[in-house]
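User: Please take a close look at the salt bridges in this model. Which side chains pair up, and where do they sit?

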Amino acid sequence: MYTRIMEVDPWVIKSTTLDKTHKRLQESLTSLGNGYMGARGSFEERYSADSHLGTYIAGVWFPDKTRVGWWKNGYPKYFGKAINAVNFGKVAIFVDNQEVDLAENEVSGFSVALDMQTGVLRRTFTVFGVQFCLTKFFSVAQKELALMRWDVVSADGKSHHVKIESFIDADVKNEDANYEETFWQVLNKKAFAGGAHIAAQTVANPFGVPQFIVNAQQSFAGDFTETAHWQGDWQVSNTFEAEVGEAVKSFEKRVIVTTSRDYENLDAVEAAGRALIADMEQAGFADLLAAHENGWRQRWAIADVVIEGNDAAQQGIRFNLFQLFSTYYGEDARLNIGPKGFTGEKYGGATYWDTEAYAVPLYLSLAEPQVTENLLKYRHNQLPQAQHNAREQGLAGALYPMVTFTGIECHNEWEITFEEIHRNGAIAYAIYNYTNYTGDEGYLAGEGLEVLVEIARFWADRVHYSQRHGKYMIHGVTGPNEYENNINNNWYTNTLAAWVLGYTKAALDKYPRPDLGISEAELDKWADIVANMYYPYDEVLDVFVQHDGFLDKDIRPVSALSPDDLPLNQKWSWDKILRSPFIKQADVLQGVYFFGDRFDIDTKRRNFDFYEPMTVHESSLSASVHAILAAELGKEEKAVEMYERTARLDLDNYNNDTEDGLHITSMTGSWLAIVQGFAQMKTWGGTLSFAPFLPQAWTAYAFHINYRGRLLKVSVNKQVEIALLKGSPIALEVYGEPVQLESVYTTALKTQGA
Ligand code: BGC
């Protein structure tokens with residue numbers, strides 16, 4: 001079941017309904033961001049009914065005291081939360097002295113349209129005889145700038161008095177604060193003729209996490225006349241008025257946000273805000289808008305995936321890329337890709353294994369290698385904290401956290417914090433992925449090995465030797481399938497752990513690192529684990545077994561359930577879910593995907609055919625891996641179904657939770673499904689290869705990739721065309737045939753099974 005509230009359009013997310021039932025969903029879908037800050041599409045104007053107002057600033061967070069019923073030793077003491085920050089969009093509008101309340105008043109001519117090509121949101125409404133058209137963007141040309149302009153005109157031929165009070169409001173809370181505490185305090189504020197600012201600071205915490213200062217400063221332009229300014233305990237405002245008739249009058253609010261992440265103290269944060277506001281005063285609205293739009297056009301020039309013949313599919317991938325890049329475009333190496341970006345606060349932390357497993361492959365192809373290298377370095381910088389996490393569990397080496405801002409684990413569900421250790425393998429896998437994709441072994445030989453060795457040490461300590469079986473085992477884990485906990489010998493985790501040990505050892509043979517103090521005994525132990533790891537396998541079914549005991553479950557497909565049972569996580573008790581055979585997301589298949597060059601096609605098919613029917617895809621990460629494997633197996637219909645699910649997960653609210661915010665880290669999924677799935681782009685063994693198919697419902701698709709200093713364009717319609725747009729000739733494989741790409745290579749499209 002899904003809910004589609006926005007119209008299908010290739011470039012625009014739009015609606016003409018002021019949808020009070022799905023208000024939060026509409027807010028999530030119209031979120032804007034520029035990598036530095038962003039906000040849900042909540043109305044700036046008063047809306048007194050249910051809504052979730054959310055403004056977020058990258059890297060600004062708060063350690064919320066852990067809340068659990070029964071404390072267990074080793075629980076992280078706090079849960080790091082992306083915090084709802086100073087609300088700088090707020091305005092109160094009065095028409096002929098009546099305050100506009102878009103939840104209560106009769107509103108006509110409503111429309112909202114987010115233009116993804118230019119990163120601009122426009123919202124129009126008519127109330128009390130006056131039409132307001134808002135244009136809003138978070139500039140990608142000037143990260144500190146948010147700009148809102150209301151064009152106001154009479155809609156009934158009469159003249160009206162319009163008053164707009166523009167606020168900055170620091171009285172903001174996180175909806176899911178563990179103890180309903182306020183995370184902000186006001187440090188300084190001032191309202192004056194022509195502007196106002198508030199500097200707010202996160203309150204002190206007992207965990208040694210630095211406090212952040214955020215300063216938001218507003219200034220104005222346009223046709224309205226300032227009549228007052230005001231400052232309260234938590235808010236500042238400036239008031240503007242105009243008589244509005246047939247001629248359009250504009251009111252422009254410019255906000256500059258500076259923080260202690262970039263400037264060292266309150267004075268410096270405020271001074272930077274003032275200087276940037278002064279700079280802005282020289283620039284007109286049109287120039288600021290043009291610079292921003294230009295930034296987005298440049299992004300799309302490389303990133304756009306053009307799909308012909310299916311607007312819903314087209315809109316889906318553009319929406320995903322738009323929201324992903326609104327969250328992270330790789331400009332700030334201190335940041336990572338939060339699961340909700342700037343669109344909600346339901347998940348804590350800014351960094352999950354999602355980055356390494358799902359985002360790295362996309363950034364490798366769409367950004368300069370430096371961006372991915374920064375994502376790897378981010379983990380390297382957090383190595384001491386990962387070592388701390390391992391020590392907290394009484395283990396050697398480094399355990400990267402499941403959820404974090406600093407490298408310290410900050411999630412406190414037992415099965416996630418302590419058991420979902422497979423994430424440690426994904427961090428290592430990303431180093432391999434980067435090295436294999438770019439061909440640059442420099443990172444691996446340097447910082448990469450420092451991370452790998454510590455992860456390897458963790459695994460070498462976390463396995464145990466079963467005397468009875470003469471095998472190494474890993475007990476008490478949760479695999480990627482979070483619908484089962486405390487299981488033994490998760491095939492994926494065991495596979496990844498042994499792979500890390502083998503890969504690290506081979507890398508050390510190539511790039512010896514005496515500085516890391518690795519003993520021969522250690523290396524021998526790693527080799528022994530690699531040689532004697534236990535992998536659950538069933539001879540009758542000839543499949544990898546998800547974990548010991550999985551096959552003794554009441555094995556049945558999702559199709560045996562009533563649609564009323566889905567989604568399971570909203571309909572069933574947790575106990576019932578854990579005992580069931582139903583799988584949240586790719587688990588064995590995640591491993592089959594990661595190590596695709598190790599398994600033959602029949603092995604892949606058997607495992608896919610066994611596990612996919614039991615998979616409910618209730619993690620947003622699930623669909624993409626299944627789309628890729630289905631495409632490789634020639635299961636076109638399944639691949640397309642999975643593409644649609646990942647591409648339109650939020651637009652169609654598949655998992656019935658998009659009102660909480662968008663699933664940012666899974667937004668790479670639609671791109672992965674097309675590029676690694678439909679086009680079958682692989683880089684196995686350092687060779688770039690393609691074997692495209694065209695979904696029946698589409699007439700064409702095309703995308704670009706950066707690969708080892710080249711820019712390629714791949715176009716698929718009745719034929720496959722691969723064009724070398726930049727860089728030197730390169731050897732590829734297309735449908736298994738070697739091709740020396742000099743400029744353009746064309747071949748006929750092969751249909752499935754041909
Ligand atoms: C998934 C995890 C993922 C997390 C954040 C969970 O629902 O099961 O694999 O890391 O969401 O996206």
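Analyst: What follows goes through the salt bridges, then turns to the largest pocket.

This is a predicted model. Side chains of opposite charge can pair when their charged atoms come close. Here the count comes to 42 salt bridges. Three pairs and one network are described below.

Start with Arg 46 and Asp 101. Their side chains meet in a salt bridge, at 3.7 Å from N to O. The two residues belong to distant parts of the chain, 55 residues apart. Arg 46 sits in the loop between strand E3 (37-39) and strand E4 (55-57). Asp 101 sits in the loop between strand E8 (98-99) and strand E9 (108-115). Arg 46 has 40% relative accessibility, so it counts as partly exposed. Asp 101 has 7%, and buried means under 20%, so Asp 101 counts as buried.

Next comes Arg 513 with Glu 450. The closest N and O atoms of this salt bridge are 2.5 Å apart. Arg 513 lies in the loop between helix H11 (491-510) and helix H12 (520-532), while Glu 450 lies in helix H10 (residues 442-462). The pair therefore ties together parts that are 63 residues apart in sequence. Arg 513 is buried, because its relative accessible area is 14%, under the 20% cut-off. Glu 450 is at 23% relative accessibility, so it counts as partly exposed.

The third pair is Lys 635 and Asp 609. Their side chains form a salt bridge at 2.8 Å, N to O. Lys 635 is in the loop between helix H17 (622-632) and helix H18 (636-647). Asp 609 is in helix H16 (residues 601-611). The pair links distant parts of the chain, 26 residues apart. Lys 635, at 24% relative accessibility, counts as partly exposed. Asp 609, at 38%, also counts as partly exposed.

Salt bridges also join into a network. Lys 143, Arg 261, Asp 262, Asp 332 and Arg 334 are linked in this way.

Now the largest pocket. About 1,100 Å³ of space lies in it. The largest pocket is lined by 42 residues, and the closest to its centre are Lys 346, Tyr 347, Glu 482, Lys 584 and Asp 657. Strand E6 (78-82), helix H5 (353-366), helix H8 (414-417) and helix H13 (568-571) each give two or more residues to the lining. By type, the lining of the largest pocket divides into 17 charged, 13 nonpolar and twelve polar residues.

Terms used. Residues numbered from 1 in each chain as written. Predicted model: local features only at pLDDT ≥ 70, side-chain atom pairs only at ≥ 80, totals over all residues. Heavy atoms only, no water. Salt bridge = Lys/Arg side-chain N within 4 Å of Asp/Glu carboxyl O. Helix = DSSP H or I, 4+ residues; strand = E, 2+ residues; numbered from the N terminus. Buried < 20%, exposed > 50% of the residue type's maximum accessible area, 1.4 Å probe, protein only. 1 Å grid on protein atoms, 1.4 Å probe; cavity = no way out; pocket = protein on both sides within 12 Å on 5 of 7 lines; lining within 4 Å. Points joined across faces, edges and corners; volume = space filled by probe spheres on them. Nonpolar A, V, L, I, M, F, W, Y, C, P; charged D, E, K, R; others polar.
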